[in-house]
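Dear colleague,

Please find the structure below, together with its sequence. A short account of what was found in it follows.

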Amino acid sequence: MKKIFLLLSLFLITGNFVFSQAPQLSENSKVSLLTCAGGDVLYYAFGHSAFRVQDSVLGIDVVYNYGTFDFNQPNFYLNFTKGRMIYSLSRRSFESFLFEYELEKRWVKEQVLDLNLEQRNQLLAFFEENYLPENRDYLYDPLLNNCSSITGDILKEQFGDAVVFDGSYLEKRYTFRQLVRQFLNVNTWSMFGIDLAFGSPVDRQATVQEHMFLPYYAMEQLRHTTLNGKPLVKRERTILDYNEHSQSGFFPLSPLFWFMLLLAFTAIITYFDNKHKARSRWLDFTLLFISGLAGTFLFLLWVAADHTSTPYNYNILWAFPINLGVAFVFVFQDNIPKWGTKYLWFALSLIVLVLLLWIIKVQIFSPVLIPLLLTLVIRYLYMIKYSKL
């Protein structure tokens with residue numbers, strides 16, 4: 001028996017062990033949720049959640065991690081763009097799992113769940129069933145089906161209405177966009193890109209359980225969750241104790257700085273154009289082409305991708321896809337055609353519509369966008385004026 005335990009322990013250390021079937025845990029076993037701090041890379045910025053199963057009698061100490069993905073998957077970036085990202089459940093030793101966070105100096109906290117032996121075995125059997133090659137892959141959704149949101153889904157699936165998520169601890173119910181912005185500075189290229197790609201669906205209020213798509217909220221929610229009327233969490237401890245990674249931004253590298261620079265540059269060029277009764281066609285082409293190209297991409301994310309967060313994106317009102325074609329028409333002729341003037345008035349009205357949708361909160365746009373919108377307004381108005389000269 002000692003030799004069997006020794007052999008099993010060696011397999012656990014390497015993380016390459018295989019269970020022919022889920023073992024029956026002993027009374028000494030524990031099932032817990034691990035919550036890991038956010039990191040410096042974008043896909044680490046929101047933290048991480050994983051389940052840990054340990055049994056000192058059987059020599060088991062493993063982590064079931066639903067946040068595993070592979071950059072080397074075929075068509076990885078294309079699938080990411082299309083919203084068809086495949087994530088997998090991985091199983092590895094706790095020691096090897098922890099090593100990564102030790103290297104990156106990210107804190108790790110553990111919440112031991114107050115489960116009886118039958119419930120612990122039930123969860124282990126579920127994880128092992130999920131870990132089968134035919135079951136381990138799943139379609140990832142950053143807001144609705146990720147390594148953290150799946151925590152609440154599993155608890156509900158396994159224990160049903162016996163699990164109650166009490167949301168009274170929330171100061172308010174946030175929208176998905178508000179929740180994401182709590183972890184990323186608005187004036188960063190990452191957050192600007194996310195704000196640009198997100199459509200109006202992310203501006204609805206998240207349910208109590210939906211807040212759990214963020215690991216920090218999942219950890220806090222478990223503190224306010226009951227199972228059969230008793231607190232779900234038996235005890236907590238900090239496994240790795242490091243300070244929170246702080247975001248340090250350099251303003252001259254931020255989108256707001258560059259958009260303000262573009263606004264100032266456009267205003268100066270427009271002033272001299274007006275003074276000399278000329279039109280800088282290269283500037284008009286650049287603004288129309290880039291806004292049209294961005295709008296085309298956002299439109300494709302709306303209609304051709306499977307993302308739940310990118311449809312009904314009214315950023316395409318200012319980043320109007322038709323601008324892409326109009327750019328080439330305007331650049332090859334100095335005089336703006338009559339239909340072009342009407343088109344510019346239409347484009348201006350779309351920008352006004354963006355502001356109205358923002359005010360009535362149909363969709364919340366990035367505040368970083370304001371100087372970019374002003375840049376387009378200045379140039380559209382000047383082209384309208386120039387067409388009358």
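**Helix packing and a small set of strands**

Helix α4 passes α5 in a right-handed crossing. Please bear in mind that this is a predicted model.

The two helices may be located as follows: α4 covers residues 117–131, and α5 covers residues 149–159. Their axes come within 11 Å and cross at roughly 120 degrees. Because angles from 65 to 115 degrees count as roughly perpendicular and those over 145 as roughly antiparallel, the crossing makes α4 oblique to α5.

Which residues make the contact between α4 and α5? On the α4 side they are Q119, Q122, L123, F126 and F127. On the α5 side, I154, E157, Q158 and F159 take part. Sorted by class, the contact of α4 with α5 has 5 nonpolar, 3 polar and 1 charged residues.

Helix α5 also leads to the strands, since α5 lies across β7 and β8. With respect to β7, the helix runs at about 145 degrees.

These strands belong to an open sheet of 3 strands, arranged in the order β7-β8-β9 with antiparallel pairing. The edge strands are β7, at residues 163–165, and β9, at residues 230–231, and each of them pairs on one side only. Strand β8 spans residues 225–227 and pairs with β9 in the antiparallel sense over 2 bridges. For L227, the bridge partner in β9 is K230.

Yours sincerely

How values were computed:
Residues are numbered from 1 along each chain as its sequence is written. This is a predicted model: local features need pLDDT of at least 70, side-chain atom pairs count only at pLDDT 80 or more; totals for chains, interfaces and linings use all residues. Side-chain values use heavy atoms; hydrogens and water are left out. Two strands pair if DSSP finds at least two bridges between them. Helices (H or I, at least four residues) and strands (E, at least two) are DSSP runs, numbered from the N terminus. Contact means heavy atoms within 4.5 Å. Axes are lines fitted to C-alpha atoms, for helices over the stretch in contact, and angles run from 0 to 180 degrees between N-to-C directions. Angles under 35 degrees count as roughly parallel, over 145 as roughly antiparallel, 65 to 115 as roughly perpendicular and the rest as oblique. A crossing is left-handed if the near helix is turned anticlockwise from the far one by less than a right angle, and right-handed if clockwise. Ala, Val, Leu, Ile, Met, Phe, Trp, Tyr, Cys and Pro count as nonpolar, Asp, Glu, Lys and Arg as charged, and the others, Gly among them, as polar.
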